[in-house]
Amino acid sequence: MKISLSWLDDFLATGLDTPALDDTLTATGLKVEAIESAGVSIQNLVVAKILESLPHPDADRLSVCQVDDGSGSPRQIVCGAKNYKVGDKIPLALPGAVLPGNFKIKPGKLRGIKSEGMMCSGKEIGLGADSAGLLILPPDSPIGHPISELFPSETVIELEITPNRPDWLSHYGVARELGAFLQKPVSFSPPPLPPTIEDSSLASCETPVCPFYSLRKITGVKVKQSPEKIRRRLESIGLRAINNVVDITNYVLHELGQPLHAFDAAKVSGPICARQARDGEEFLALDGKTYRLTPEDTVIADSAQVLALAGIMGGSTSGVTETTTDVLLESALFLPQAIRKTSRRLALQSDSSYRFERGIDPEMVLVAAAQAANQIADIAEGTPAPSSCTTGALPAKSATVSLRHAKCEALLGTSLSPTEIASALRRVGMTQLSENEGVTEWQPPSFRHDLTREVDLVEEVARIIGIEKIPSRAASLAAPQSPADAAYDFQNLLREKLVASGFCEAKLSTLVSASQLGEKENSAIRLKNPLGEDQSFLRPSLLPGMLQAAQRNFHAGTKDVRIFELGSVYSNTGTEQQGSLGLLASGPARETNWLEKKPADFTFFDLKAVLQSLFPSLLRFENTEKKNLVVASLILCGEIEVGFAGILEPAAARLLDATAEILVAEISWPALQSTQTKNTGKFSPIPKFPSTSRDLALILPEAVPYATVESILLACNEPLLASFAPFDLFRDPEGIRLPANKKSLAISLTFRSSERTLASSEIDAATEKIRVLLKQNLPVEFRE
Amino acid sequence: MEDKIRSIREAATTSVDAANDLPTLDAIRVRYLGKTGEISLLSQSMRDLSKEERPRFGSLLNEARSLVTDAIEQKTRALEAVAEKSRYAQFDATLPGPTLSRGASHPLTQLMGKAVAIFRRMGFSLADGPDIETEFHCFDALNTPADHPARNEQDTFYLPDGRLLRTHTSSVQIRVMENQPPPIRIIAPGAAYRRDEVDATHLAQFTQMEGLYVAESVSLADLKGSLEFFFRELFGAETQCRFRPHFFPFTEPSYEIDIRTALLGDSWMELAGCGMVDPAVFEAICQKRGDRAFDPEKISGFAFGFGLDRLAMNLLAIPDIRMLVETDLRFLRQFAN
């Protein structure tokens with residue numbers, strides 16, 4: 001909401017400069033969004049008339065002008081503009097003037113010709129963006145008159161108003177709050193109220209949405225342009241001036257916060273009634289649009305038609321125009337929720353609905369009507385009816401609230417005297433009704449609907465005394481580890497290892513398109529109201545998003561892509577939201593360097609190395625088939641499937657413009673977190689006796705994977721076998737050294753005893769036992 | 001004999017001194033100490049000496065042998081050292097080591113990590129809750145009126161079953177209080193969603209951190225002191241904090257916190273919302289739990305929340321919020337540390 005400072009001055013002389021005012025508003029809870037200055041406040045800037053204009057002898061683009069600045073003697077100005085003619089009046093900056101941008105005007109010479117000032121464009125003096133030429137002033141502008149008086153400067157403050165404080169939605173309301181904080185009197189004398197009569201032949205009320213309605217006839221108005229002051233003020237806060245009657249209703253709304261509406265009495269037939277709209281009833285509003293209404297909406301209607309959408313907007317046919325002579329001035333109270341509902345449903349907001357849906361001050365309804373009627377009488381020369389016709393009743397005073405001083409002190413964490421508390425509440429308009437043993441009883445003012453509970457009064461005390469008076473205390477509490485702490489720490493552990501392995505952390509959107517669901521189409525959760533189809537599902541997997549990210553990186557020229565994400569995936573079966581770790585790698589394993597001509601690409605086994613380093617000796621890999629992957633491996637922890645790793649199908653990688661293999665993995669890390677926390681990690685004695693190795697070269701059919709050999713060796717029950725590892729894999733596609741459908745797998749066996757140095761015969765015997773075991777279980781031959 | 005030993009010894013050490021390479025040195029070793037070397041031959045000629053002379057010459061000879069052996073040994077080591085050193089003469093240690101691709105945690109993670117570390121030092125535990133929430137946890141229990149604009153389908157993502165994507169991490173406050181009696185001292189970092197068109201300053205999904213402290217006699221003074229401490233730890237001791245009265249349905253009194261620090265351009269920046277938990281929130285919890293563990297007459301608390309995305313943008317001078325989710329490695333690798 002915009003507040004004009006000069007308008008605010010009508011109610012309160014703050015005596016503050018703009019920064020201090022900003023601070024005070026901020027302290028009240030009125031957040032200053034922007035401070036704008038309109039108009040001109042430049043000194044030594046006057047109206048001048050161009051008397052003569054001759055070409056500059058040494059510069060084609062310049063002219064030498066003689067101007068009348070009101071001093072009695074002509075002044076010579078060299079000028080580059082072309083948009084004027086002799087006789088025009090323009091703003092003239094005299095020596096000593098300081099234009100925006102700290103541009104100081106001094107007498108000087110331009111291409112050898114004396115120039116004693118500067119003729120200005122609108123932009124140069126801070127009026128508008130037009131710099132096409134000089135600002136040509138109206139012909140009746142008095143010569144020598146300060147421009148600052150023609151365009152008086154106006155500071156406008158844009159405030160953020162929180163929804164709990166509709167009483168701030170007017171100049172008077174803001175002045176009242178500032179007055180409370182600055183402890184300065186706010187000058188507003190309500191006009192005398194006319195007597196009220198109830199007359200259902202004039203106005204009636206058929207709906208509880210309108211508890212109170214008032215109408216006052218003003219006859220003989222002369223509709224014309226509003227006076228300068230009203231127009232300027234309305235325009236300064238962003239409103240358009242229309243005509244004096246409409247402008248006055250808007251003016252009073254922004255002055256006192258009470259929405260008003262003026263009907264052209266000639267266009268109203270029969271009594272005015274506030275009622276429910278009929279189903280399907282149509283209404284042509286002032287904005288030129290037709291709205292189809294329902295019984296949930298409230299209208300102001302005469303016997304023939306809907307005149308206004310109650311509290312929101314008037315109709316286009318019943319408004320005040322140039323031809324209007326008699327006016328019906330409406331001031332009413334509508335219930336917030338009903339107005340909000342209609343305004344939302346029709347997507348129709350107005351300054352009026354904005355205030356009604358937050359709650360207006362009931363005591364202001366008739367005051368504002370009288371204020372507007374008086375102004376219409378003054379300005380539009382109308383004659384208000386001696387009485388105002390009303391129907392319904394204004395609500396009774398709101399309930400009183402009691403405050404325990406001890407509770408106030410406890411919540412604020414400071415001690416306060418009863419006087420401090422009472423004074424703070426009085427300043428915001430509360431009336432103390434009683435005091436009894438540390439408990440005071442208060443009547444909130446009519447404009448504060450938000451003060452209904454003890455804690456609301458505590459807030460007011462805190463606001464008025466200021467938080468800077470509250471001490472700072474930072475007492476702590478011993479904090480036990482929560483499951484969320486453990487999960488956070490586990491993720492950090494994974495993150496640190498991944499970062500050390502050269503991976504960068506991605507944070508991708510959890511909202512994805514249908515095309516990114518892959519094989520999890522059926523278990524994906526769809527939004528009811530997505531912003532677009534590309535963000536319509538909660539992702540069931542991290543990988544589609546990561547593949548898209550990889551593509552963006554390839555397009556950006558990055559070849560070594562190494563990313564991971566620790567995020568959530570969602571499913572409508574099983575666990576709805578689950579932590580997941582996604583990895584993607586492609587391209588050179590190391591940056592280009594002087595030691596290697598072309599660094600090798602990151603391989604599937606590099607990815608496996610990273611995974612194994614994350615979860616040491618926990619994971620098992622099993623070959624599998626998976627959509628879009630040319631090589632796929634299930635990752636198991638014990639017998640639980642925790643994820644997969646694989647190589648993207650080359651065709652899919654090419655579609656992403658990858659120049660190397662794309663390796664991916666996704667792991668459900670919460671399953672692994674529990675195994676990690678169970679691992680107690682006890683010390684095992686350091687071997688005292690040396691180990692000895694024997695190599696076995698197995699000739700195996702291609703179909704037998706290493707995992708089969710591994711499982712046999714793991715189960716072999718040979719106490720002396722300490723460890724084993726493959727160290728060579730050999731194939732001969734030519735079939736010369738090895739049949740083409742076979743492979744040679746070399747495994748190194750390490751033997752050790754914790755009790756003695758092993759004899760060669762013992763190792764030979766153990767090796768032989770293993771050979772026999774392998775032979776029994778596999779179609780294997782051994783190469784010697 | 002004695003002279004002979006002396007002269008052999010001197011000849012040997014002189015030639016050792018003069019030797020400039022290992023083969024020469026080896027030849028010297030053979031010439032003097034080899035099986036038919038001069039010292040070995042002298043040893044053999046000891047036989048011809050009298051029993052009385054033998055010990056003296058024996059010891060002289062041994063002395064000569066060990067002297068020559070040592071000299072050769074020393075010279076060998078010296079020559080080897082020279083040879084090894086010369087092998088590294090061309091070595092340019094200023095060439096760079098080949099680097100692995102540079103890894104980095106996400107800038108938001110780094111910022112969150114700093115914040116979490118500070119709150120943990122202050123005795124806060126972590127808590128979490130689901131992204132998919134009920135209206136009860138996201139709005140009702142947080143004292144949000146039924147017709148509050150935030151509940152609008154224009155602003156909030158809904159699921160067909162009526163649940164929604166949480167619009168703030170404040171829903172975690174409710175989850176924690178439902179399941180755990182006071183005292184509670186938690187922070188909850190996580191994702192939140194608003195149905196905003198994505199542009200340079202808006203994402204539909206953003207990162208927030210929520211905090212809640214509920215115990216007996218928690219006051220506004222605790223709120224102020226705790227958050228001042230936090231922001232000064234995060235941004236430096238000279239950081240100014242301004243608590244600006246504000247309004248949230250779930251706290252009373254409510255404040256927004258503005259921060260002013262050189263790190264953020266030395267002008268006030270709106271950073272967080274906070275306040276004393278509204279008694280209506282405690283009443284909603286009591287009703288849900290079916291007990292009076294959160295009776296606002298017995299306990300009180302403060303809550304706060306702030307967004308990390310804007311803060312990261314401001315701290316790191318990131319011009320477009322979308323860079324945080326685009327996963328451009330040219331961006332992410334800048335945050336390697």
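In the domain assignment of chain B, domain 1 covers residues 2–89 and domain 2 covers residues 107–335. The C-alpha centres of these two domains of chain B are 86 Å apart. The model described here is a predicted one, and the paragraphs that follow take up the interface between chain A and chain B, then the salt bridges, and then two individual residues.

At the interface, 84 residues of chain A are in contact with 86 residues of chain B. The area buried between chain A and chain B amounts to about 7,100 Å², and carbon and sulfur atoms give 53% of this area. On the side of chain A, the residues that lose the most area to chain B are A:I467, A:K507 and A:L531, which together account for 10% of what that side buries. Between chain A and chain B there are 42 residue pairs in polar contact, counted where both residues have pLDDT 80 or more. Among the elements of chain A, helix α13 (residues 483–500) gives the most to the side that touches chain B, contributing seven residues. Sorted by class, that side of chain A has 39 nonpolar, 19 polar and 26 charged residues.

Ten salt bridges are found across the interface of chain A and chain B, whereas a search of the whole structure gives 68 salt bridges over all chains. One of the bridges between the chains joins the side chains of A:R340 and B:D147, with an N to O distance of 2.6 Å. Another is formed by A:E576 and B:R163, for which the closest N and O atoms are 2.6 Å apart. This pair crosses between chains, with A:E576 placed in the loop between β33 (561–570) and β34 (577–586) of chain A and B:R163 placed in the loop between α6 (135–138) and β3 (164–165) of chain B. Both ends of this bridge fall in the intermediate class of accessibility: A:E576 is partly exposed at a relative accessible area of 25%, and B:R163 is partly exposed at 22% relative accessibility.

Salt bridges are also found within the individual chains. In chain B, B:R151 forms a salt bridge with B:D140, the closest N and O atoms lying 2.6 Å apart. The residues of this pair are eleven residues apart, and B:R151 and B:D140 are each located in the loop between α6 and β3 of chain B. Their accessibility classes are not shared, because B:R151 has a relative accessibility of 11% and counts as buried, whereas B:D140, at 39% relative accessibility, counts as partly exposed. In chain A, A:R165 and A:D167 form a salt bridge whose closest N and O atoms are 2.8 Å apart. Here A:R165 counts as buried at 2% relative accessibility, and A:D167 is likewise buried, with a relative accessible area of 7%. These two residues belong to a network of salt bridges that links A:R165, A:D167, A:E177, A:R448, A:D450, A:E460 and A:R463.

Two further residues illustrate local surroundings within a chain. In chain B, B:E178 is part of helix α7 (residues 171–179). With a relative accessible area of 17%, B:E178 is buried, because this value lies under the 20% bound for that class. When residues up to four places away in sequence are set aside, B:E178 touches B:F136, B:H137, B:I285, B:K288 and B:R289. With one of these residues, B:K288, the side chain of B:E178 makes a side-chain to side-chain polar contact at 3.0 Å.

In chain A, A:N243 is situated in the loop between α5 (228–236) and α6 (244–256), and at 2% relative accessibility A:N243 counts as buried. The contacts of A:N243, leaving out residues up to four places away in sequence, are with A:V223, A:K224, A:S226, A:V320, A:T321 and A:E322. The side chain of A:N243 also reaches backbone atoms: a polar atom of this side chain lies 2.9 Å from the backbone nitrogen of A:V246, and the backbone oxygen of A:V320 is reached at 3.3 Å. As a further point of reference, A:N243 and A:A97 are 146 residues apart in sequence, with a C-alpha to C-alpha distance of 38 Å in space.

How values were computed:
Residues numbered from 1 in each chain as written. Chains lettered and ligands numbered in written order. Predicted model: local features only at pLDDT ≥ 70, side-chain atom pairs only at ≥ 80, totals over all residues. Heavy atoms only, no water. Contact = heavy atoms within 4.5 Å. Buried area = accessible area lost by both parts, 1.4 Å probe. Salt bridge = Lys/Arg side-chain N within 4 Å of Asp/Glu carboxyl O. Polar contact = N/O pair within 3.5 Å; in protein donor to acceptor, adjacent residues only side chain to side chain. Helix = DSSP H or I, 4+ residues; strand = E, 2+ residues; numbered from the N terminus. Nonpolar A, V, L, I, M, F, W, Y, C, P; charged D, E, K, R; others polar. Domains from an automatic or database assignment. Buried < 20%, exposed > 50% of the residue type's maximum accessible area, 1.4 Å probe, protein only.
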